[in-house]
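Work through the exercises below with the sequence and the model side by side. Each task is followed by a solution that goes step by step.

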Amino acid sequence: MSAKEVTIVVDGREVSAVEGEMLHDAARKGDVEIPVFCYEPKLGEPVGACRMCLVEIEGIPKLQTSCSTPVRDGMVVHTRTEQVKHAQNAVVEFLLVNHPLDCPVCDKGGECPLQDITMGWGPGKSRVIDEKRHFQKPIELSPLVAIDRERCILCYRCVRFSQEVSEDSQLQLLDRGDRTFVGTFDDRPYVAPFHGNITDICPVGALTSYTYRFRARPWDIEQAGSVCTLCPSQCNVSFTVRDEKVKRVITRDNHDVDDGWLCDRGRYGFEMFEAEERIAGPRLKGGAEVEWDEAIAAAAAGLRAAGGEVAAIVGDASNEEGYLVGRLLREGLGSNDVDSRQSRGFSRAAVVRLAQPDLTIKVREIDDADVILVAGTDPLHSSPILDLRVRKAIRRNGARLVVATERPTALDGGAEAIARYAPGGATHFLSELAAAVGGAENVASPLAESLRGAEKVVVIWGERIAREGDGAATALLDLADACGVAGAEGAGLLEVPDVTNARGLREAGCLPDAGPGLGAELAGGRSTEQIRAGLISGEIKSLLLFGADPLRDFPDTPAWEEALTAADHIVCFSMHENATTAKADVVFPLETHAEKDGTVTHPDGRLQRVRPSASRPGIVQSNIVILSLLAETLDLSTGIDSQPTAFAALTEAVPFYSSITEEKIGGQGIRWQETEAASTIPTPDGGALSSEPTTSATGEGLALGTYRDLWAGPITELNPPLQFLTPQQRLEISPADAARLDLKQGDVVRVGQNGSSVEAHVLIKERMSEGTVFLAEGVQGGNANALLNGGPVWVEIQKLSGVDA
């Protein structure tokens with residue numbers, strides 16, 4: 001139902017507004033500015049705490065807060081009367097009674113709302129000559145955020161974010177009266193994955209980031225808009241740049257993508273750009289730094305010598321880079337062995353069916369969902385901003401949440417129904433759930449009861465489900481059919497991929513059985529696991545790795561160690577030195593997302609522009625240019641010499657991108673499903689998807705499941721401010737299993753299977769399923785990938801030492 005439009009009069013000018021809209025927002029449409037401190041729409045319902053937005057409304061004797069007053073038709077508002085000015089002057093004067101006048105040394109100086117409002121709406125002088133209140137300052141609110149309580153004006157913004165947005169409930173107002181201050185219980189550090197947002201929303205200099213304190217002033221910096229590519233959320237960010245180096249990352253509101261928030265991984269991850277391990281130029285095996293011409297010639301010689309027995313795996317890449325790698329392999333070297341997945345995945349036929357526009361939900365439509373099913377993923381770790389989006393839908397709009405995962409998630413507390421399935425059991429579970437929703441007899445499920453009959457059903461599913469093969473895709477499609485999401489407004493599927501630009505790379509042609517645009521099926525291409533097997537057997541001689549680190553991120557580390565050792569020649573594009581680059585014959589430096597120029601595709605199909613904001617270190621060059629030069633050395637003329645020419649070639653090769661231009665992408669992005677070319681996506685064939693039969697296999701010991709921790713990887717290890725968050729390996733185990741094995745919290749154990757083992761500390765979790773344990777992938781010590789071998793894994797637990805020893 002569309003909202004009713006009304007007309008109000010603000011300071012003598014007519015303004016069109018939506019009935020129920022807050023007066024403050026409506027006045028802005030009429031170019032009337034009303035000062036505020038506490039009001040921030042993305043925090044939720046207004047609280048009217050600061051009283052700065054008082055206005056006069058005809059027919060109401062007292063002044064009203066415009067932030068919490070909904071408009072009605074015919075309302076007449078005055079914002080500049082003497083009564084209003086007197087009230088605003090009084091509020092500013094009252095705030096400055098205890099606020100220190102330390103603007104010259106305050107990090108907020110020059111971009112401070114309090115400064116601006118004092119100049120525009122303040123009295124210009126103070127009648128108070130008494131000593132101001134004092135607090136100890138600054139205090140370490142967390143290892144990343146400092147709080148100066150003398151500057152705090154008690155707007156409640158940070159407390160509301162903690163309690164109503166991230167829902168960690170750590171921040172609160174303590175004490176009373178003029179001694180009130182923001183703090184945590186028992187002065188505990190405020191450590192949470194989104195807590196850096198409080199420095200953005202603070203209207204004064206009370207909350208500042210340790211990574212930016214005293215580093216720059218507003219007149220020394222430039223703001224450069226781009227997209228964060230450190231996780232699949234692809235949040236819109238603004239880089240604060242001084243002397244061509246990134247000094248800060250702040251949010252750039254895009255309600256269709258991130259709702260104006262940013263996780264701490266994206267906010268503070270930029271410090272790794274300057275790590276000592278950063279590769280600043282091309283080099284050959286052994287660390288010998290060489291000129292670009294020599295490195296490109298060496299790479300081309302090694303790839304050509306393979307005689308077509310060559311493969312490529314793409315990871316951290318833009319659409320243009322992935323497209324170029326695909327062309328390089330297929331046209332330049334005659335090989336279809338190209339993949340962009342860390343493990344096995346869906347076939348082209350399954351990818352095409354799941355990519356149909358009538359099945360894909362917009363991220364923003366999650367807000368209005370009736371029921372949200374989270375299956376096979378924990379958004380907090382895999383796509384953090386989705387965690388906030390789901391919480392918002394539940395809290396503000398009454399959406400119902402159901403969760404079906406292998407391990408407990410951060411969203412379990414808000415779910416009305418929760419189901420656990422064994423590792424590798426997603427296909428069987430989703431098939432039964434689809435049958436239950438469809439009304440099958442003798443199939444009962446609390447989740448089905450929630451899903452059945454709902455009009456707007458959103459299914460958020462993790463790409464890890466795809467590791468079970470096309471059977472999982474069939475189960476997803478059956479569930480979508482049972483829920484009636486195809487073509488239904490506000491209903492659909494949303495994938496949470498393993499890597500940032502997974503959808504864009506698939507659509508750009510980085511699949512073994514599909515080229516750009518998911519066109520006609522290609523024969524003979526090997527998937528990631530088949531590439532590994534080919535390297536070991538000698539069928540593949542040369543390997544190109546672009547932004548991929550198999551020894552860290554891919555399942556079955558011992559097998560990848562053997563595969564990379566067996567390769568005759570490896571070309572590796574990497575941002576930092578790691579175990580994989582140590583095995584490469586030629587290493588090219590990879591650009592960061594602050595240096596790169598290109599596009600990425602959000603999981604919901606939105607193309608966004610990654611823009612170069614900072615200078616590249618050393619002699620790093622554009623990866624698009626280097627790939628083009630490498631292609632030319634291999635006698636492949638691509639006609640590409642820059643990002644614009646690469647984007648033009650991409651949109652020509654991908655039919656459903658053809659009507660997209662960089663102008664249409666702009667600063668907010670555009671979904672290809674909403675363009676006139678969307679109908680050119682390949683039509684699914686009518687046949688059933690091929691799939692291996694799923695069995696409820698059993699083994700001795702405990703079933704092992706794995707997950708990727710938000711903080712695992714070089715983003716924390718190479719980033720001094722974030723190193724305190726570097727995760728240590730934890731064995732998550734149920735209380736019953738722990739008691740049976742005589743394990744206590746914190747005990748050190750060895751987890752082993754088939755000759756491989758890792759050490760971990762025991763973490764007993766109440767909501768863990770009995771018979772299943774979990775380890776984290778990608779951690780620096782005891783990487784769980786060492787135990788994975790492509791199938792169900794059962795492990796033995798050996799206690800090494802106890803907390804009481």
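**Exercise 1. Decide whether aspartate 243 is buried, partly exposed or exposed, and describe its backbone.**

Step 1: Aspartate 243 counts as exposed because its relative accessibility is 65%, where exposed means over 50% relative accessible area, buried under 20% and partly exposed in between, with a 1.4 Å probe and protein chains only. Step 2: Aspartate 243 lies in the loop between strand S12 (236–242) and strand S13 (245–251); helices (H or I, at least four residues) and strands (E, at least two) are DSSP runs, numbered from the N terminus. Step 3: The phi angle of aspartate 243 is near 55°, which is positive in a residue other than glycine.

Before going on, note that this is a predicted model, in which local features need pLDDT of at least 70 and side-chain atom pairs count only at pLDDT 80 or more, while totals for chains, interfaces and linings use all residues. Residues are numbered from 1 along each chain as its sequence is written, and side-chain values use heavy atoms, with hydrogens and water left out.

**Exercise 2. Find where aspartate 556 lies, and state whether aspartate 556 is buried or exposed.**

Step 1: Aspartate 556 is found in the loop between helix H17 (550–553) and helix H18 (557–566). Step 2: With a relative accessible area of 12%, aspartate 556 is buried. Step 3: Aspartate 556 is not a glycine, yet has a positive phi of about 65°.

**Exercise 3. Describe the aromatic pair of tryptophan 292 and phenylalanine 588, and place both residues in the chain.**

Step 1: The structure holds 10 aromatic pairs; rings of Phe, Tyr and Trp (its six-membered ring) pair if their centres lie within 6.5 Å, and planes under 30 degrees apart count as stacked, over 60 as edge-to-face and the rest as tilted. Step 2: Tryptophan 292 and phenylalanine 588 are stacked, at 5.9 Å centre to centre and with 0° between the planes. Step 3: This pair links distant parts of the chain, since tryptophan 292 belongs to helix H7 (residues 292–305) and phenylalanine 588 to strand S24 (residues 586–589), 296 residues apart. Step 4: Tryptophan 292 counts as buried at 7% relative accessibility, and phenylalanine 588 is buried at 0%. Step 5: Ring pairs also join Trp292 and Phe588 with Phe546 and Phe573 in a cluster.

**Exercise 4. Work out which strands pair with S24 and in which direction they run.**

Step 1: Two strands pair if DSSP finds at least two bridges between them. Step 2: Strand S14 (residues 283–284) is joined to S24 by 2 bridges and the two run antiparallel, with arginine 283 having valine 587 as its bridge partner in S24. Step 3: Strand S23 (residues 569–574) is joined to S24 by 4 bridges and runs parallel to it, and here serine 574 stands opposite proline 589. Step 4: Both faces of S24 are covered, with Val586 and Phe588 buried on one side and Val587 and Pro589 buried on the other.

**Exercise 5. Trace the salt bridge between aspartate 148 and lysine 137, and name the network that holds both residues.**

Step 1: The structure holds 60 salt bridges, each being a side-chain nitrogen of Lys or Arg within 4 Å of a carboxyl oxygen of Asp or Glu. Step 2: The side chains of aspartate 148 and lysine 137 meet in one of them, at 3.1 Å from N to O. Step 3: Aspartate 148 is buried at 5% relative accessible area, whereas lysine 137 counts as partly exposed at 34%. Step 4: Both residues are in a network of salt bridges that links Asp102, Lys137, Asp148, Glu150 and Arg151. Step 5: The peptide bond from lysine 137 to proline 138 is cis, with omega near -20°.

**Exercise 6. Explain why the salt bridge of aspartate 553 and arginine 708 ties together parts that are 155 residues apart in sequence.**

Step 1: The closest N and O atoms of aspartate 553 and arginine 708 are 2.9 Å apart. Step 2: Aspartate 553 lies in helix H17 and arginine 708 in strand S28 (residues 702–708), so their salt bridge spans those 155 residues of sequence. Step 3: Aspartate 553 is buried at 17% relative accessible area, while arginine 708 is partly exposed at 23%.
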